[in-house]
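Reader: I am new to this structure. Please show me how to read its main features, one at a time.

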Amino acid sequence: ILIIRRPTMPKEYLDPSKTLRDGLAFLGLSLTRKSDDGHPDSITHQTAFDLNDVQDREYEYLLSCNDDGWLVGGGEPGPPHSYKLRAKDSSHVEII
């Protein structure tokens, strides 16, 4: 029998009066949408906006982009469909 103990959150973090963490946080709206052109593991959170309609996957108007490639419209499928790194769709809009 193999028993794996996973770390748990310290109980003092569960009491808001005993917890103070400086840093950034935001509230956002996910715009991810699965696409046949993108990463196969991307998921759909909305159907109102198809960002593939506005991005230039064929690089007709853009010369290039960074190694992440397209992180909207289904993400980046990676080799052999593209020469960019495989990445799921992570499109979002920050609200706060």
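Author: This is a predicted model. Begin with contacts along the sequence: take those with a separation of 6 or more, and see what share joins residues 24 or more positions apart; in the protein chain that share is 38%.

Reader: How many helices and strands does the protein chain have?

Author: The count is 0 helices and 2 strands.

Reader: What share of the residues is buried?

Author: Buried means under 20% relative accessible area. Of the 96 residues in the protein chain, 26% are buried. The accessible surface of the chain is about 8,100 Å², and carbon and sulfur atoms contribute 58% of that area.

Reader: How should I read an aromatic pair, and how many does the structure hold?

Author: Look at the distance between ring centres and the angle between planes; planes from 30 to 60 degrees apart count as tilted. The structure holds 1 aromatic pair. Its partners are Tyr59 and Trp70, set 6.3 Å centre to centre with 35° between the planes, so the pair is tilted.

Reader: Why does this pair tie together separate parts of the sequence?

Author: Tyr59 and Trp70 both lie in the loop between β1 (28-30) and β2 (92-94), and because they are 11 residues apart in sequence, the pair ties those parts together. Both Tyr59 and Trp70 are buried.

Reader: How much space lies in the largest pocket, and which residues are closest to its centre?

Author: The largest pocket holds about 240 Å³ of space. It is lined by 14 residues, and Asp37, Arg57, Pro77, His81 and Ser82 are the closest to its centre. By type, the lining has 7 charged, 4 nonpolar and 3 polar residues.

Conventions: Residues are numbered from 1 along each chain as its sequence is written. This is a predicted model: local features need pLDDT of at least 70, side-chain atom pairs count only at pLDDT 80 or more; totals for chains, interfaces and linings use all residues. Side-chain values use heavy atoms; hydrogens and water are left out. On a 1 Å grid over the protein atoms alone, a cavity is a set of points where a 1.4 Å probe fits but cannot get out, and a pocket is an open set with protein on both sides within 12 Å along at least five of seven lines; lining residues have an atom within 4 Å of a point. Grid points are joined across faces, edges and corners, and a volume is the space filled by probe spheres set on the points. Ala, Val, Leu, Ile, Met, Phe, Trp, Tyr, Cys and Pro count as nonpolar, Asp, Glu, Lys and Arg as charged, and the others, Gly among them, as polar. Rings of Phe, Tyr and Trp (its six-membered ring) pair if their centres lie within 6.5 Å; planes under 30 degrees apart count as stacked, over 60 as edge-to-face and the rest as tilted. Helices (H or I, at least four residues) and strands (E, at least two) are DSSP runs, numbered from the N terminus. Buried means under 20% relative accessible area, exposed over 50%, partly exposed in between (1.4 Å probe, protein chains only). Contact means heavy atoms within 4.5 Å. Accessible areas come from the Shrake-Rupley method with a 1.4 Å probe; for residues, only the protein chains shown count as cover.
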